[in-house]
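User: I would like a close look at one part of this model, the sheet. Please set out how it is put together and what surrounds it.

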Amino acid sequence: MYNLKPETFDFRSVKGISQRQLDEHYKLYKGYVDNLNKIWNTPYIPNNFSDSNPTYSKMRSLKLGETYSLDGVKLHELYFQNMTGGSKNPYGPVLNAIMDQFSSYDNFISYFTNVGLSMRGWAVLTIDSIDNKFHIIGSDLHDKGAIWLSYPILILDVYEHAYFMDFGTDRKKYISEFIKNINWNVLNSRFQKYIYLMQSKNARQYGQYPFRFFY
Ligand SMILES: [Fe+2]
């Protein structure tokens with residue numbers, strides 16, 4: 001029995017985005033959790049899935065719903081985490097690494113903002129395991145553009161449901177308010193966890209081979 005529970009977030013710590021906007025957004029997130037539980041609790045009974053095909057079938061519907069809702073849950077949790085809880089001044093190892101790779105903080109914010117303005121779903125700063133470098137990924141849907149074995153550091157929701165109530169069509173204003181709320185403790189924690197994971201992986205694979213973060 002799968003029984004995933006929605007996480008809670010300190011929306012009162014967010015400035016410049018209304019409680020009503022955040023509460024309505026949270027309802028959507030809870031819906032993804034509910035649907036994911038329904039999907040995961042659907043028993044596999046072979047006779048119920050005898051029509052499987054890639055155009056229209058029960059299994060196809062189940063699998064498309066699974067990736068959409070699972071990515072929807074994960075992305076919203078990462079997004080709400082990195083915009084709540086304070087610590088709003090950029091600092092720490094993740095900031096240093098960002099400035100090294102993107103030339104400056106302002107250049108990074110400009111790039112990230114333009115990705116957010118260009119996509120219909122998400123802008124995601126990740127570190128990819130293929131090169132241990134930052135990449136800013138854009139996606140139009142929760143499960144379109146998602147990269148496997150890429151570690152998310154900063155997530156921005158740019159679906160209209162994330163900002164339309166407060167900002168109408170002014171997405172740029174929403175993104176600038178979001179950036180003011182970024183919790184840099186969360187970003188540094190994710191960054192450190194990635195380095196720890198890669199050090200552990202390298203230690204297992206290569207003995208004491210030292211891990212280097214390339215930027
Ligand atoms: Fe959303």
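Analyst: Here is the sheet, followed by its surroundings.

This is a predicted model, where local features need pLDDT of at least 70, side-chain atom pairs count only at pLDDT 80 or more, and totals for chains, interfaces and linings use all residues. Residues are numbered from 1 along each chain as its sequence is written.

Start with the setting. The protein chain has 7 helices and 3 strands. Helices (H or I, at least four residues) and strands (E, at least two) are DSSP runs, numbered from the N terminus. Along the sequence, the pattern reads α-α-α-α-β-β-β-α-α-α. The C-alpha trace spans about 55 × 55 × 30 Å along its principal axes.

Now the sheet itself. It is open, has 3 strands in the order β2-β1-β3, and pairs antiparallel. Two strands count as paired if DSSP finds at least two bridges between them. The edge strands are β2 (133–139) and β3 (150–157), and each pairs on one side only. From one strand to the next, the twist averages 25°. In general, strands of a sheet pair through backbone hydrogen bonds, either parallel or antiparallel.

Take the β1–β2 pair. Strand β1 covers residues 122–128 and pairs with β2 in the antiparallel sense over 7 bridges. Asp-128 stands opposite Lys-133 in β2. Ala-123 stands opposite Gly-138 in β2. The two strands form a hairpin with 4 residues between them. Asn-132 lies in the loop between β1 and β2. Its phi is positive, about 55°, although Asn-132 is not a glycine. Asn-132 is partly exposed, with 16 other C-beta atoms within 10 Å. The scale is this: a residue is buried if 20 or more other C-beta atoms lie within 10 Å of its own, exposed if 12 or fewer, and partly exposed in between, with C-beta atoms placed from the backbone.

Take the β1–β3 pair next. These strands run antiparallel and are joined by 7 bridges. Trp-122 stands opposite Asp-157 in β3.

How enclosed is β1? Of its 7 residues, 6 are buried, so β1 is largely enclosed by the rest of the structure. For the protein chain, 25% of the 215 residues count as buried.

Ala-123 shows the packing around β1. Leaving aside neighbours within four places in sequence, Ala-123 is in contact with Phe-112, Val-115, Gly-116, Ile-136, Gly-138, Leu-156 and Val-158. Contact means that the C-beta atoms of two residues, placed from the backbone, lie within 7 Å.

Ala-123 also belongs to the largest nonpolar core. Such a core is a set of buried Ala, Val, Leu, Ile, Met, Phe, Trp, Tyr and Cys residues joined through C-beta atoms within 7 Å. This one holds 32 residues, of which Tyr-79, Trp-122, Ala-123, Ile-153, Ile-155 and Leu-156 touch the most other members. The elements giving two or more residues to this core are α2, α3 (92–102), α4 (105–118), β1, β3, α6 (171–180) and α7 (184–206). The largest share, 5 residues, comes from β1. Another core lies apart from it, with 6 residues, among them Tyr-29, Tyr-32, Leu-36 and Leu-70.

Among the helices, α2 (residues 58–81) packs on the sheet and touches β1 and β3. The direction of α2 makes about 70° with that of β3. Axes are lines fitted to C-alpha atoms, for helices over the stretch in contact, and angles run from 0 to 180 degrees between N-to-C directions.

Two other contributors to the core also pack on each other. The axes of α3 and α4 are 8 Å apart, at an angle of about 80°. That makes α3 roughly perpendicular to α4. Angles under 35 degrees count as roughly parallel, over 145 as roughly antiparallel, 65 to 115 as roughly perpendicular and the rest as oblique. Where do they meet? Leu-95, Ile-98, Met-99 and Phe-102 in α3 meet Tyr-105, Asn-107, Phe-108 and Tyr-111 in α4. Ser-103 lies in the loop between these helices. Phi of Ser-103 is near 80°, a positive value in a residue other than glycine. Ser-103 counts as exposed, with 11 C-beta neighbours inside 10 Å.

Last, the chain-wide contacts. In the protein chain, residues 24 or more positions apart account for 68% of the contacts with a separation of 6 or more.
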